[in-house]
Amino acid sequence: MDGAGARPPLFLVFHDDLSSESIHYSHYRTLHILVQWRQELGTTSVDIPWDGGLLPGRYLGVTPPISTNESSIREKEVTTTLMGELQRQGIFESEEEAKTREIVLGRLAALIKKFVRQVSLSRGLSEAAANAAGGKIYTFGSYRLGVHGPGADIDTLCVAPRHVTRDDFFNVLEGMLREMDGVTEVSGVPEAYVPIISTEISGIPIDLLFAQLDLPIIPEDLDLQDDNLLRNLDEKSIRSLNGSRVINEILRLVPNVDVFRTALRCIKLWAQSK
């Protein structure tokens with residue numbers, strides 16, 4: 001099947017004790033026929049990967065979707081009306097505020113690298129090793145989900161290598177934040193269940209967590225979804241990592257992120273009005 005409306009190809013790989021074969025088909029509706037055919041030949045198991053979405057009869061969650069059909073013209077009109085109402089309710093931040101958030105996060109990311117470098121030098125690392133130690137920030141919560149509103153805070157995670165401790169986070173970084181231009185508030189709570197520094201930079205409130213990873217350096221392409229990163233970590237670092245890891249997993253599992261964000265914004269608005 002060719003053309004813009006064609007579905008991506010389906011690849012079925014059948015396995016048994018004697019052989020493995022790959023069969024290519026252009027349409028997923030033949031799936032049940034093929035599975036039945038192969039089972040009649042005595043196959044003990046069937047692996048069916050497909051890069052075109054969920055297979056027939058399969059869905060995410062505990063209940064099936066109300067419909068898998070394309071939205072009708074009327075439904076699209078109602079969606080447009082809904083988006084207009086959300087705009088009127090003022091739940092979207094301005095373009096100026098969005099740019100300010102990006103600038104603030106960029107400044108914070110630079111400060112984290114400076115913080116890690118400073119601690120690295122104090123631990124006796126060479127200039128080159130201190131510069132390579134890295135240090136990164138990750139966002140999570142409503143900002144990472146893309147459903148934050150005007151004035152909302154940014155949940156942020158600071159990730160540091162093994163030689164930078166939580167004590168450094170509160171004793172060194174907190175002081176560096178106080179000296180940063182545009183900072184009007186800094187409050188550290190090291191004894192919290194999830195230790196946190198709350199701050200406000202250029203009018204943007206930020207909650208900053210800390211995770212000390214068992215790595216000599218923090219690479220720029222570090223993927224927090226790697227379960228190996230959890231090895232040898234204390235409970236506070238694991239809890240701090242959970243926010244980013246869970247949000248990333250939600251965004252990975254949601255079939256349509258834009259629809260999910262709109263629905264979540266509606267639910268948040270409804271909950272706040274109660």
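The legends below describe close-up views of a predicted model.

**Figure 1. The whole chain, with its eight helices and eight strands.**
The chain has 274 residues, and 35% of them count as buried. Take the contacts in the chain with a separation of 6 or more. Residues 24 or more positions apart account for 61% of these.

**Figure 2. Helix α3 packs against helix α6.**
Two packed helices are described by the angle between their axes and the distance between the axes. Helix α3 covers residues 95-122. Helix α6 covers residues 166-178. The axes of α3 and α6 are 10 Å apart, at an angle of about 130°. The two helices are therefore oblique to each other. The crossing of α3 past α6 is right-handed. From α3, the contact takes in L108, L111, I112, K114, F115, Q118 and V119. From α6 come D168, F169, V172, L173, M176 and L177. By type, the residues of this α3 and α6 contact are 10 nonpolar, one polar and two charged.

**Figure 3. E174, a buried residue of helix α6.**
This view stays with α6, where E174 is found. The relative accessibility of E174 is 13%. That value is under 20%, so E174 counts as buried. The E174 side chain makes a polar contact with the side chain of R178, at 2.8 Å. Apart from residues up to four places away in sequence, E174 touches F169, V186, S187, G188 and I197. F169 also appears in the contact of α3 with α6.

**Figure 4. Helix α2 crosses helix α8.**
Helix α2 spans residues 73-88, and helix α8 spans residues 257-273. Their axes come within 11 Å and cross at roughly 50°. That angle makes α2 oblique to α8. The crossing of α2 past α8 is left-handed. On the α2 side, L82, M83 and L86 make the contact. On the α8 side, T262, C266 and L269 do so. Five residues of this α2 and α8 contact are nonpolar, one is polar and none is charged.

**Figure 5. L121 in helix α3, with its contacts.**
L121 belongs to helix α3. The relative accessible area of L121 is 31%, so this residue is partly exposed. Neighbours within four places in sequence are left aside here. L121 is then in contact with S126, E127 and A130. N131 lies 10 residues from L121 along the chain. The C-alpha atoms of L121 and N131 are separated by 9.1 Å.

**Figure 6. S202, a residue with a positive phi in the loop between β7 and β8.**
Most residues other than glycine have a negative phi. S202 is not a glycine, yet its phi is positive, at about 55°. Strand β7 covers 196-201, strand β8 covers 204-212, and S202 sits in the loop between them. With a relative accessible area of 38%, S202 is partly exposed.

**Figure 7. N232 and L233, two residues of the loop between β8 and α7.**
The loop containing N232 runs between β8 and α7 (235-253). N232 has a positive phi of about 65°, although N232 is not a glycine. The relative accessibility of N232 is 68%, so N232 counts as exposed. L233 lies in the loop between β8 and α7 as well. L233 counts as buried, at 13% relative accessibility. Outside the neighbours within four places in sequence, L233 is in contact with Q212, L213, D214, I238 and L241. L213 is 20 residues from L233 along the chain. The C-alpha atoms of L233 and L213 are separated by 6.6 Å.

**Figure 8. N256 in the loop between α7 and α8.**
Helix α7 (235-253) and helix α8 (residues 257-273) flank this view. N256 is placed in the loop between α7 and α8. The relative accessible area of N256 is 39%, so N256 is partly exposed. The side chain of N256 reaches the backbone nitrogen of V259 at 3.1 Å.

Key: Residues numbered from 1 in each chain as written. Predicted model: local features only at pLDDT ≥ 70, side-chain atom pairs only at ≥ 80, totals over all residues. Heavy atoms only, no water. Helix = DSSP H or I, 4+ residues; strand = E, 2+ residues; numbered from the N terminus. Buried < 20%, exposed > 50% of the residue type's maximum accessible area, 1.4 Å probe, protein only. Polar contact = N/O pair within 3.5 Å; in protein donor to acceptor, adjacent residues only side chain to side chain. Contact = heavy atoms within 4.5 Å. Axes fitted to C-alpha atoms, helices over the stretch in contact; angles between N-to-C directions. Parallel < 35°, antiparallel > 145°, perpendicular 65-115°, else oblique. Left-handed = near helix turned anticlockwise from the far one by under 90°. Nonpolar A, V, L, I, M, F, W, Y, C, P; charged D, E, K, R; others polar.
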